[in-house]
Amino acid sequence: MNTNKNPDAVYFTTVKSAFETAEGKYTGSIVHKDSSDLDEVVSLICSTRPYIDEATVKMVIAALAAEIRREVGENFRYVTTGTSTAFAPAISGSVPAMDSALEAGVNDIYVNITTLDKLRKAIAALVPVRADEGPANVIVDKIEDVATGACGQISLGGDFVVTGYNISASHDGESLRLVDDEGVVLATATIKEEDGKGQRITAAFDGALEIEAGKYWLHLVSRGYSTPLEELVTYARRVVLA
């Protein structure tokens, strides 16, 4: 079975830069160990704070988000959370001279989200480890609906992409499956393409399937792209079927 050499390590890999100004260069990319949605974050908060329930936490988060939206979007104020992030109205694009007029469609107002010093220092203190050093790791990073670009979402009949490190769904016994909360396999995806690097899989579920929209699990059953003789291991990620 593939296991991390150090489960607490922050792993990274190098990927070819997509920026035109950095053509031919590679940049470091953190390999995410997992993903979390609002329900999981709220559950984690409540697990260590028995004096508060999930409904209250969600109410507080919704109220905070509404106030930030009002302060930034209506009052055009800089809003800081005090510990992690800050929000402020900003203008996109650039102009050729100091007295140039702003151009609609180029210099639009948007929300600029920045990390605060406390969070930056905590992240900067981490020392990443190359993902290709030591035992092979299989890590599912992100699931994205191709048509909408929505992360953590897929649709029947439409292509979706699974990205990560050392991932494969085409070796003997491997698959991508849609599974409900009881562990019942509802559908097996058709694998359309793999990038030949173990970083990207394109797949789709049959659009004729009768499965209700909602939250499910996407199971990648994989041996690992670079380790085709290893045991099959199931990697589960929460997805929304839209």
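User: What makes up the lining of the largest pocket, and which strands each supply at least two residues?

Analyst: That would be β1 (10-16), β2 (26-30), β7 and β9; strands here are DSSP E runs of at least two residues, numbered from the N terminus. Bear in mind this is a predicted model, where local features need pLDDT of at least 70, side-chain atom pairs count only at pLDDT 80 or more, and totals for chains, interfaces and linings use all residues. Residues are numbered from 1 along each chain as its sequence is written, and side-chain values use heavy atoms, with hydrogens and water left out.

User: Why is F160 called a member of a nonpolar core?

Analyst: A nonpolar core is a set of buried Ala, Val, Leu, Ile, Met, Phe, Trp, Tyr and Cys residues joined through side-chain atoms within 4.5 Å, and buried means under 20% relative accessible area (1.4 Å probe, protein chains only). F160 is one of 23 residues in the largest such set, so it qualifies. Together with V162 and L176, F160 touches the most other members. As for strands, β15 (233-241) gives the largest share of this core, 4 residues.

User: Which residues are in the second core?

Analyst: This separate core has 5 residues, including A9, Y11, I139 and Y165.

User: What makes F76, I91, V95, L102 and I109 a patch?

Analyst: Patch residues have over 30% relative accessible area and no salt bridge (a Lys or Arg side-chain nitrogen within 4 Å of an Asp or Glu carboxyl oxygen), and nonpolar side chains (Val, Leu, Ile, Met, Phe, Trp, Tyr) are joined within 5 Å. These five form a nonpolar patch on the surface, with about 490 Å² of accessible area together.

Notes:
Buried means under 20% relative accessible area, exposed over 50%, partly exposed in between (1.4 Å probe, protein chains only). Patches are made of residues with over 30% relative accessible area and no salt bridge: like charges are joined within 9 Å, nonpolar side chains (Val, Leu, Ile, Met, Phe, Trp, Tyr) within 5 Å. Accessible areas come from the Shrake-Rupley method with a 1.4 Å probe; for residues, only the protein chains shown count as cover.
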